[in-house]
Amino acid sequence: MQGTVDEFSYGAVTPLVAFLMACLGGALGLRCTTRSLLVTHSRRPAWLALGSAAIGSGIWTMHFVAMMGFSIEEAPIHYDKPITYASLGIAILMVGVGIGIVGYRGATGTALFTGGTVTGLGVASMHYLGMAGMHFNGRFTYNTLTVAASVVIAVVAATAALWAAGQVRGFLWSVGASLVMGLAVTGMHYTGMAALDVHLHGTSDAAVSGSPASVLAPMLIGPLAFLLLAGVVVLFDPLMVMGRPTRPPVELKPGVPAAAVASHQDHHVPLHPRRRPVQHPGHHSSRTPQKR
């Protein structure tokens, strides 16, 4: 028996809020990725971990906000909590691997392709594992070509977002990257939902279970609180918002004051290609003429 599906029970509210959640998680995570490119290796893992958790929480929250508008008229829907939270874990893990590759190898070439592919696959894995956690009196089937298209959308858009984040060119690039990431997640989600068919084993009273919003809302509290906390971290770090590179760290040497080292770094003498000092106009040699 074919089930009657409604993906927009609340109209445009759930798609819009879902898109905003994806953009928020993407903005925070990609800024953390950008920040990791500007710090020393010792501090890089912390920024990448925060970034992967932000992106993972953002796409997970986006998915289940969108699912608040999903209902099957003939059957109530239940969510398996271990599988549902496992989808959050796999999203954070795979996104962490993807942005970690970019964070350590740079947002170019093979590293960008590999990182974008892993990140996109993380988005897709989260979606389909989250769908596997839905239980009702029936089963889902998927159109293979449409599923493949949803994965391609996630990979291409995630790669583009990581490339934009790696440019480190200021606030507008950050906004653009987060919008691309939001489009990647929401586009992948609704393309994947378009591949879905619902087959019921029989009819049951949908009123036995609460509405999808009442079932999912308590599970969203934790990830939403984390996104707000990550947002506070970003707001209190101007470099996270503007994306300006930091000054290179001053190398402290025994017996040499730090101020002297910094002054020496700021007033270096430009060199010719053969690495000889440039003689500026008006500069005379200090050698005394030799007597003949």
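# A guided tour of the helices

Start with the whole chain in view: among contacts with a separation of 6 or more, 82% join residues 24 or more positions apart. This is a predicted model, and its secondary structure comes to nine helices and six strands. The chain has 292 residues, of which 45% count as buried.

**Stop 1: helix α1**

Select Thr14, which is found in helix α1, residues 13-36. Is Thr14 buried or exposed? Its relative accessible area is 6%, so Thr14 is buried. Now show what surrounds Thr14: leaving aside residues up to four places away in sequence, it touches Val65, Ala66, Met68 and Gly69.

**Stop 2: helix α2**

Next, select residues 44-67, which make up helix α2. This helix has 24 residues and reaches 35 Å from its first C-alpha to its last, close to the 34 Å expected at 1.5 Å a residue. Color α2 by accessibility and count: 21 of its 24 residues are buried, so α2 is largely enclosed by the rest of the structure.

**Stop 3: helix α3 and its two ends**

Move on to residues 81-105, helix α3. It has 25 residues, and the span from first to last C-alpha is 36 Å, close to the 36 Å expected at 1.5 Å a residue.

What caps the N-terminal end of α3? Select Asp80: one of its side-chain oxygens lies 3.1 Å from the backbone nitrogen of Ile83. At the other end, pick Gly106, just after α3, where phi is positive at about 95 degrees.

Then highlight the buried residues of α3, among them Thr84, Ser87, Leu88, Ala91 and Val95. Continue along the helix and you will find Gly98, Ile99, Gly100, Val102 and Gly103 buried too. As you step through them, recall that an α-helix has 3.6 residues a turn, so residues three or four places apart point the same way.

**Stop 4: α3 against α4**

Keep α3 selected and add helix α4, residues 109-132. Two packed helices are described by the angle between their axes and the distance between the axes. What are these values for α3 and α4? The angle is about 175 degrees, and the axes are 8 Å apart. The two helices are therefore roughly antiparallel to each other. If you color their contact by residue class, it divides into 17 nonpolar, eight polar and one charged.

**Stop 5: Thr119 in α4**

Stay in helix α4 and select Thr119. With a relative accessible area of 1%, Thr119 is buried. Where does its side chain reach? Follow it to the backbone oxygen of Gly115, at 2.8 Å. Beyond residues up to four places away in sequence, Thr119 touches Met94, Val95, Gly98 and Ile99, and its contacts also include Ala158, Leu162 and Met181. Of these, Val95, Gly98 and Ile99 are already familiar as buried residues of α3.

**Stop 6: two glycines in later helices**

Select Gly187, which lies in helix α6, residues 171-194. Its relative accessible area is 22%, so Gly187 is partly exposed. Draw a distance from its C-alpha to that of Ser150: the two are 37 residues apart along the chain, and the atoms are separated by 7.5 Å.

Finish at Gly231, found in helix α7, residues 212-235. Gly231 has a relative accessible area of 15% and is buried. Which separation links Gly231 to Gly25? Their C-alpha atoms are separated by 9.1 Å, although the residues are 206 apart along the chain.

Technical notes: Residues are numbered from 1 along each chain as its sequence is written. This is a predicted model: local features need pLDDT of at least 70, side-chain atom pairs count only at pLDDT 80 or more; totals for chains, interfaces and linings use all residues. Side-chain values use heavy atoms; hydrogens and water are left out. Helices (H or I, at least four residues) and strands (E, at least two) are DSSP runs, numbered from the N terminus. Buried means under 20% relative accessible area, exposed over 50%, partly exposed in between (1.4 Å probe, protein chains only). Contact means heavy atoms within 4.5 Å. Axes are lines fitted to C-alpha atoms, for helices over the stretch in contact, and angles run from 0 to 180 degrees between N-to-C directions. Angles under 35 degrees count as roughly parallel, over 145 as roughly antiparallel, 65 to 115 as roughly perpendicular and the rest as oblique. Ala, Val, Leu, Ile, Met, Phe, Trp, Tyr, Cys and Pro count as nonpolar, Asp, Glu, Lys and Arg as charged, and the others, Gly among them, as polar. The expected span of a helix is 1.5 Å times one less than its number of residues. A polar contact is a pair of N or O atoms within 3.5 Å; within protein, one must be able to donate a hydrogen and the other to accept it, and residues adjacent in sequence count only if both atoms are side-chain atoms.
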